[in-house]
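Me: I'd like to go through the strands and helices of this model with you, one topic at a time. Can you take a look?

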Amino acid sequence: MKNQLITALLFYGPAFFSVSAFSQAQTKKGTSVVATVNDRKITLDEFNTRYEQNSALIPGRAPDKPEVLKQIVYFELAVQEARRQKIHLDAALKEQFDLLLYQALLRRNVQPKIDALDVSEADVKKYYEKNPLIRTSHIILLTKPGMTADESKQLRTQAEKILAQVKEKKKGFEELARQYSEGPSAKTGGDVDWGARHKLLPEYYEAALALKNIGDTTDVIETPYGMHIIKLTGKQPFAKLDAVYRDFIIRTLRENKGQSVYTDYFEDLKGKPYNKVVVSPELLN
């Protein structure tokens with residue numbers, strides 16, 4: 001358990017121990033100091049806050065207080081030693097820190113505006129009509145690692161022969177899937193259940209969506225996984241749109257609309273009198 005605690009403390013270090021501003025405010029209140037690391041004072045109030053946060057990381061297990069205090073001290077020692085060795089000036093770390101600042105700025109100044117964008121029911125319906133949930137079955141002949149062009153051609157020829165049997169309809173699609181398909185769905189007659197555009201391979205989804213009628217099948221479709229013959233077995237009507245996919249659509253539409261919010265924010269920032277930005281796109285050619 002002790003090892004698990006230490007692992008949690010180390011893993012959550014940056015979030016758990018971001019305490020400089022907090023400690024300064026608490027010290028002004030004159031609270032008791034439970035540890036001092038050079039000029040850094042760790043107050044009891046600060047410790048209690050960090051202890052509660054750490055307790056939440058391991059539900060049902062109260063961490064040992066002296067152990068938590070020791071880890072806080074270790075963290076402070078590490079930060080001070082890193083600064084003494086000027087590690088904080090390392091270019092790679094600066095780039096990472098700049099990225100954190102960029103993300104923090106967006107979370108504070110841009111994301112709230114995007115989250116507040118209105119997405120109407122008509123917007124959701126329009127998106128869904130182009131990106132419905134579909135149910136499919138397929139027969140797949142798997143691509144093998146390192147296949148040559150000739151081997152790939154042979155695999156397609158094999159798939160074309162199976163496609164001919166599908167079109168003959170002497171055997172049902174499900175029976176042919178159990179007989180020939182190399183994927184795990186062969187056990188279910190090729191059924192791969194319901195899928196959304198963002199969950200399926202683009203080539204697979206587009207080919208299935210292009211089928212006009214339930215029960216229609218595609219020609220041989222190639223994806224990074226192999227050669228597919230796809231059968232459309234269902235298309236979910238908008239009236240039955242589930243809450244999870246609805247939320248995904250709303251988030252997607254907000255992010256799409258939010259591109260203008262993002263651009264407007266930075267164009268406004270670029271125009272601030274304290275900023276001077278010079279761009280020479282002609283040098284890119």
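Me: Which order do the four strands of the open sheet come in, and what is the sense of the pairing?
Reply: In this predicted model, the order across the open sheet is β4-β3-β6-β5, and the pairing is antiparallel.

Me: And which are the edge strands?
Reply: The edges are β4 (191–195) and β5 (217–223), each of which pairs on one side only. As for twist, neighbouring strands of this sheet are turned by 35 degrees against each other on average, if direction is ignored.

Me: How many bridges hold β3 and β4 in register?
Reply: Strand β3, residues 134–142, pairs with β4 over three bridges in the antiparallel sense, and within that stretch Ser137 stands opposite Asp191 in β4.

Me: What does α9 touch when it packs on the sheet?
Reply: Helix α9 touches β3, β5 and β6 (226–235), and its direction makes about 165 degrees with that of β5. Helix α10 also lies across β3, β5 and β6, where it runs at about 35 degrees to β3.

Me: OK, so the two helices themselves: at what angle do the axes of α9 and α10 cross?
Reply: The axes of α9 (residues 149–168) and α10 (residues 173–180) cross at roughly 155 degrees and come within 10 Å. Because angles over 145 degrees count as roughly antiparallel, that makes α9 roughly antiparallel to α10. The crossing in which α9 passes α10 is right-handed.

Me: Which residues make that contact?
Reply: On the α9 side they are Ile162, Gln165 and Val166, while α10 contributes Phe173, Leu176 and Tyr180. By type, the residues of this contact divide into five nonpolar and one polar, with no charged residue.

Me: Changing topic, how do β1 and β2 pair?
Reply: Strand β1 (residues 33–37) pairs with strand β2 (residues 40–43) in the antiparallel sense, over four bridges, and Ala35 stands opposite Ile42 in β2.

Me: How many residues sit between β1 and β2 in the hairpin?
Reply: There are two residues between them, and Asn38 in the turn has a positive phi of about 55 degrees.

Me: Last one, for the whole chain: how many helices and strands, and what percentage of residues is buried?
Reply: The secondary structure of the protein chain comes to twelve helices and six strands, and buried residues make up 31% of its 285 residues. If you are looking at contact order as well, among contacts between residues at least 6 apart in sequence, 66% join residues at least 24 apart.

How values were computed:
Residues numbered from 1 in each chain as written. Predicted model: local features only at pLDDT ≥ 70, side-chain atom pairs only at ≥ 80, totals over all residues. Heavy atoms only, no water. Axes fitted to C-alpha atoms, helices over the stretch in contact; angles between N-to-C directions. Parallel < 35°, antiparallel > 145°, perpendicular 65-115°, else oblique. Left-handed = near helix turned anticlockwise from the far one by under 90°. Contact = heavy atoms within 4.5 Å. Nonpolar A, V, L, I, M, F, W, Y, C, P; charged D, E, K, R; others polar. Pairing = 2+ DSSP bridges. Buried < 20%, exposed > 50% of the residue type's maximum accessible area, 1.4 Å probe, protein only.
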